[in-house]
Each structure stands twice: as structure tokens, then as C-alpha cells.
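The following paragraphs offer a guided reading of the structure displayed below. Please keep the sequence and the coordinates in view while reading.

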Amino acid sequence: MLAKRIIPCLDIRDGRTVKGVNFENIRDAGDPVELGVLYAQQGADELVFLDITATNEKRKTLSNLVNRIAHGINIPFTVGGGISSVEDVKILLENGADKISVNTAAFKNPELIRLLAREFGSQCVVLAIDTRQEADGQWYVYLNGGRVKTETLCVDWARQAVDLGAGELLLTSMNHDGTKQGFALDITHALATALPVPIIASGGGGTVSHFADVLTAGGADAALAASIFHFKEITIAEVKNYLHQQAIPVRL
Amino acid sequence: MNIVIIKYNAGNIQSVQYALERIGASAIVTDDPEAIASADKVIFPGVGEASTAMEYLRARQLDRLISGLQQPVLGICLGMQLMCAYSEENNTSCMGIFDETVRLFQPQPGGGEKVPQIGWNTIFNLKTKLFDAVTENSFCYFVHGYYASLGEHTIATTDYVLPYSSALHKQNFYGTQFHPEKSAGVGEQILKNFLEKI
């Protein structure tokens with residue numbers, strides 16, 4: 001039986017892991033490769049490395065880092081952050097990334113998804129969507145790390161992206177991100193039942209039962225979290241042991 | 001030992017080389033027919049689309065070279081599928097080393113199985129030395145939308161939508177649908193077995 005996946009996310013700036021809360025008080029948290037190896041040993045099913053480097057100049061360090069990660073870890077990993085062209089993706093995949101995630105650039109140029117899927121296959125194209133539920137009850141797509149609102153509904157964009165060739169969706173609820181009050185079950189469930197591709201739920205995981213909820217009631221295929229793992233509030237093993245007790249299939 | 005990884009127009013080739021390095025083996029990545037023919041062990045990996053890959057291989061006569069190899073050959077993911085007889089992916093006639101047909105998973109509506117299958121699934125009914133010291137129902141990492149049906153060459157089974165071949169074997173040819181190079185300790189054991197026991 002296919003296992004539900006637990007995925008730690010590491011923020012990368014200038015080739016180093018950084019930790020912060022809501023992009024504030026960011027401090028150095030060490031070598032991404034060492035941290036990645038540690039997470040893999042602790043039972044992470046996959047890793048996501050999100051590059052938050054501001055300038056293109058410093059992005060060159062990313063491909064070197066991806067190559068070091070590919071040498072060091074024995075589980076799959078996704079690289080995201082500022083990817084906007086076939087050439088960007090080619091370099092990352094050639095250096096050993098298993099998948100890449102696209103967000104704002106894909107929304108502004110949906111054709112990018114089709115080009116990437118045709119060139120590299122849908123299995124390595126993850127579409128990341130940041131979404132917020134507004135007062136009207138609808139979930140809207142946000143861009144640029146959540147700073148820019150659009151008038152497009154999350155479900156509509158997700159469906160279009162899957163039609164264009166996105167092989168997986170990484171869904172972050174801005175309402176829940178950082179709250180540790182649980183994942184957004186309703187929008188996750190809406191996408192999981194409407195679309196034929198796996199959904200990675202992100203934002204709000206604070207306790208082991210939150211993970212169980214989003215993988216059952218939310219219908220997610222995988223759950224992603226960052227700070228609770230970095231700050232050692234919960235270990236990956238604790239999450240997976242709890243899921244196993246709840247008869248949710250996980251790799252132990 | 002002289003290990004060769006076949007280079008062609010498919011992704012994920014380097015990852016296999018890095019995985020071998022982690023278990024202390026070194027391999028060269030090449031499409032040179034002489035280097036491939038003279039290797040002790042040949043690995044044929046890949047992630048991608050079947051018809052494009054077969055066209056590329058045929059144009060360079062690598063398909064005939066691979067089919068004719070006498071030394072142990074391990075196909076991984078797309079590599080294994082290309083060693084089968086036929087793939088529904090763009091109706092592609094493949095190498096025919098294994099008789100199996102490669103078919104598209106049918107997505108199960110309403111939150112059922114998604115296509116492609118992405119993630120960790122179990123392997124069981126394990127046969128041959130490729131799986132020495134690997135316990136039944138170990139988890140391996142899969143990324144694929146097409147599958148090889150069960151048949152006389154099946155040496156590992158996985159259940160997704162239906163039971164299918166997660167590994168195949170015939171004479172000197174082995175194939176895994178999962179990625180041993182991304183399957184943590186279990187995958188490393190399988191790669192070691194291929195290098196040391198086969």
C-alpha cells in the first residue's frame with residue numbers, strides 16, 4: 001500500500017539553511033546537506049529545499065548545493081524558489097534534483113508548466129500554490145511569497161495547472177501557516193477529490209494529530225512542515241509512529 | 001569491477017552514480033558502445049517518456065546493443081519499461097527482453113489512487129539474489145504512471161490500483177520499477193546485491 005509521506009522543508013539562503021518565523025529573525029541553521037542527511041536518517045520520506053535567495057547572482061550557488069545534496073542523501077528531494085525557465089530546471093535536474101517546484105512564474109506564464117512537463121515529464125513538476133481564504137469564503141491564489149493577491153480561485157488554477165501537466169500540488173494555506181493550529185482540511189480535501197494528482201498539504205501542522213487529520217479527513221497524500229521539525233518541537237519519528245498507531249500507512 | 005551506467009536522453013542518470021558512490025562503488029556514465037559491451041555490470045536507469053527514449057536508443061542502435069548484452073544488466077524505472085515488449089505510452093514498441101506489456105494506471109476517482117504513483121510502496125513475493133537480506137514488504141520509492149503487468153518474469157510485486165511487477169528477471173537481465181538509488185537503506189542493499197551477488 002502506498003505510504004503517506006512526511007516531508008520536512010528547508011529554507012535556503014545563499015547556500016545555507018536558515019530558520020525564522022514568518023520571514024523574521026532569520027538566522028543561520030547550518031549546512032543544508034548535513035541537515036538533510038539527518039532528516040533522512042530520522043525517517044523523512046522526501047525533502048523540499050526552498051531557495052529564498054534574493055538575487056540571481058547568488059543563485060549560482062544553488063546548483064552547486066543541489067549537487068552536494070544529491071551526493072549526500074538517499075531519498076528524493078524537490079527544489080523550489082524563483083524557478084522561471086526550462087533552463088533553470090535543466091540545471092537543477094542535471095545536478096541531481098528529483099523534482100522542482102514552480103509558483104509565481106508558472107501563474108504568470110502557465111505555458112511554462114506545459115514546457116516543463118513535455119521536456120522533463122510531469123513526475124518532476126510540482127506546482128506550489130499559496131492560497132488564502134477571504135471573507136467571502138473563497139480561496140484565492142497569492143503570488144510572490146504571499147505578498148500579492150490575485151482574483152483567481154485556488155481550485156481553478158490547480159485544475160488548469162494539472163491539465164497543463166503539473167504532476168503534484170504543494171498547497172500552502174496562508175490562513176494556517178505558522179499558526180500550529182492544524183492544516184486547512186477543507187481546501188486540501190477539495191483539491192484531493194477534484195484532481196487526479198497527489199496533494200502535499202502545507203501550513204499549520206503543530207501536533208501529531210494535525211498530521212493524521214490532513215492525511216485522512218483532508219485527503220492529502222503528503223504533509224509538509226518546517227519550523228516544528230527545525231525547532232525540534234516534534235520529531236519525524238513521533239509523527240510517523242502516531243500515524244502508524246492510527247492505522248495510516250507510513251514507512252517506518 | 002567495471003560498472004557502466006548507460007547515458008541517453010532520460011533524466012535521473014546522475015542519481016544512480018551518486019548512490020553507487022555512497023556504497024563505495026564507482027561507475028562511469030557513457031553511451032560509448034565499446035565501453036558498455038566490455039563492462040562487468042551495466043545499469044540502464046532513467047525517468048522520462050518511452051517513445052522519445054526508444055527513438056533515441058534506436059537511432060544509435062543502443063537498443064540492439066542492450067538486448068544482446070551477456071553480463072548482468074539492471075534496468076531502473078523507465079529503463080525497466082523499455083526492456084519490456086511494448087508500452088502503452090505513445091504506443092511504443094520496446095526492446096522485448098521481457099514479454100510483459102507496460103500499461104497506464106487508471107486513476108481512481110473521488111480521492112482514490114492518483115496517477116502517477118509518487119511515493120513509498122511495499123515490495124513482496126521477492127525472488128532472486130537481487131533481494132538478498134531485503135525483508136518482504138520493505139518500502140521502496142516509486143515515481144511512475146505506467147506499470148508492467150505480472151508475468152513469468154516477475155520477481156517482486158507491488159499493489160497500486162492492482163498488483164503489478166515491481167521487479168523483473170530473465171537470464172542476465174534484471175529490472176526494478178522503483179528507484180533503488182532513492183530508496184534509502186533498502187535501495188542501497190539492492191544495489192549492493194546487484195554488484196556483489198549477481
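In this predicted model, a suitable place to begin is B:P116, which lies in the loop between β7 (101-104) and β8 of chain B. The peptide bond that leads from B:V115 into B:P116 is cis, and its omega is near 5 degrees. Most peptide bonds are trans, and most residues other than glycine have a negative phi.

Positive phi values also occur in the model. One belongs to B:V161, a residue other than glycine whose phi is near 65 degrees. B:V161 is placed in the loop between β11 and β12 (162-170) of chain B. Its surroundings hold 16 other C-beta atoms within 10 Å, and B:V161 is therefore partly exposed, given that a buried residue needs 20 or more such atoms and an exposed one has 12 or fewer. Chain A offers a further case in A:K180, again not a glycine, with a phi near 60 degrees. The loop between β10 (168-173) and α7 (185-194) of chain A contains A:K180. With 17 other C-beta atoms within 10 Å, A:K180 is also partly exposed.

The framework of chain B may now be considered. Chain B is built with six helices and 13 strands. Its radius of gyration is 15 Å, close to the 16 Å expected from the globule rule for 198 residues, so chain B is as compact as a globular protein of that length. Along the principal axes, the C-alpha atoms of chain B occupy a box of roughly 50 × 40 × 30 Å. Buried residues account for 54% of the 198 residues of chain B. Of the contacts in chain B between residues at least 6 apart in sequence, 66% connect residues at least 24 apart.

Is B:E181, in the loop between β13 (173-176) and α6 of chain B, buried or exposed? B:E181 has 29 other C-beta atoms within 10 Å and is therefore buried. Apart from neighbours within four places in sequence, B:E181 is in contact with B:S15, B:V16, B:A19 and B:G187. B:E181 and B:P45 are 136 residues apart along the chain, yet 9.8 Å separates their C-alpha atoms.

The view then passes to the boundary between the chains. Here 31 residues of chain B are in contact with 29 residues of chain A. On the chain B side, α1 (13-22), β8 (117-123), β9 (138-144), β11 (154-160) and α6 (184-196) each provide at least two residues. Classified by residue type, this side of chain B comprises 13 nonpolar, 11 polar and seven charged residues.

Across that boundary, chain A contains 10 helices and 12 strands. The radius of gyration of chain A is 17 Å, close to the 18 Å that the globule rule gives for 252 residues, so chain A is as compact as a globular protein of that length. Its C-alpha atoms fill a box of roughly 45 × 40 × 40 Å, taken along the principal axes. Of the 252 residues in chain A, 50% are buried. Among contacts in chain A with a separation of 6 or more, 65% come from residues 24 or more positions apart.

In soluble globular proteins, nonpolar side chains tend to be buried together. The largest nonpolar core of the model has 145 residues, and A:L127, A:L169 and A:A223 have the most contacts inside it. Leaving out residues up to four places away in sequence, A:A223 touches A:I6, A:F183, A:A201, A:G205, A:F211, A:V214 and A:L215.

Another buried position in chain A is A:F77, which has 22 C-beta neighbours inside 10 Å and belongs to strand β5 (residues 77-80). Beyond its neighbours within four places in sequence, A:F77 contacts A:E46, A:L47, A:F49, A:I69, A:A97 and A:D98.

A pair of packed helices completes the tour. Helix α3 (residues 86-94) and helix α5 (residues 111-120) of chain A pack at an angle of about 35 degrees, and their axes are 10 Å apart. The crossing of α3(A) past α5(A) is right-handed. From α3(A), the residues A:V86, A:V89 and A:L93 meet A:L115, A:L116, A:E119 and A:F120 of α5(A). This contact consists of six nonpolar residues, no polar residues and one charged residue.

Terms used:
Residues numbered from 1 in each chain as written. Chains lettered and ligands numbered in written order. Predicted model: local features only at pLDDT ≥ 70, side-chain atom pairs only at ≥ 80, totals over all residues. Axes fitted to C-alpha atoms, helices over the stretch in contact; angles between N-to-C directions. Helix = DSSP H or I, 4+ residues; strand = E, 2+ residues; numbered from the N terminus. Left-handed = near helix turned anticlockwise from the far one by under 90°. Contact = placed C-beta atoms within 7 Å. Nonpolar A, V, L, I, M, F, W, Y, C, P; charged D, E, K, R; others polar. Rg over C-alpha atoms; globule rule 2.2 N^0.38 Å. Core = buried A, V, L, I, M, F, W, Y, C linked by C-beta atoms within 7 Å.
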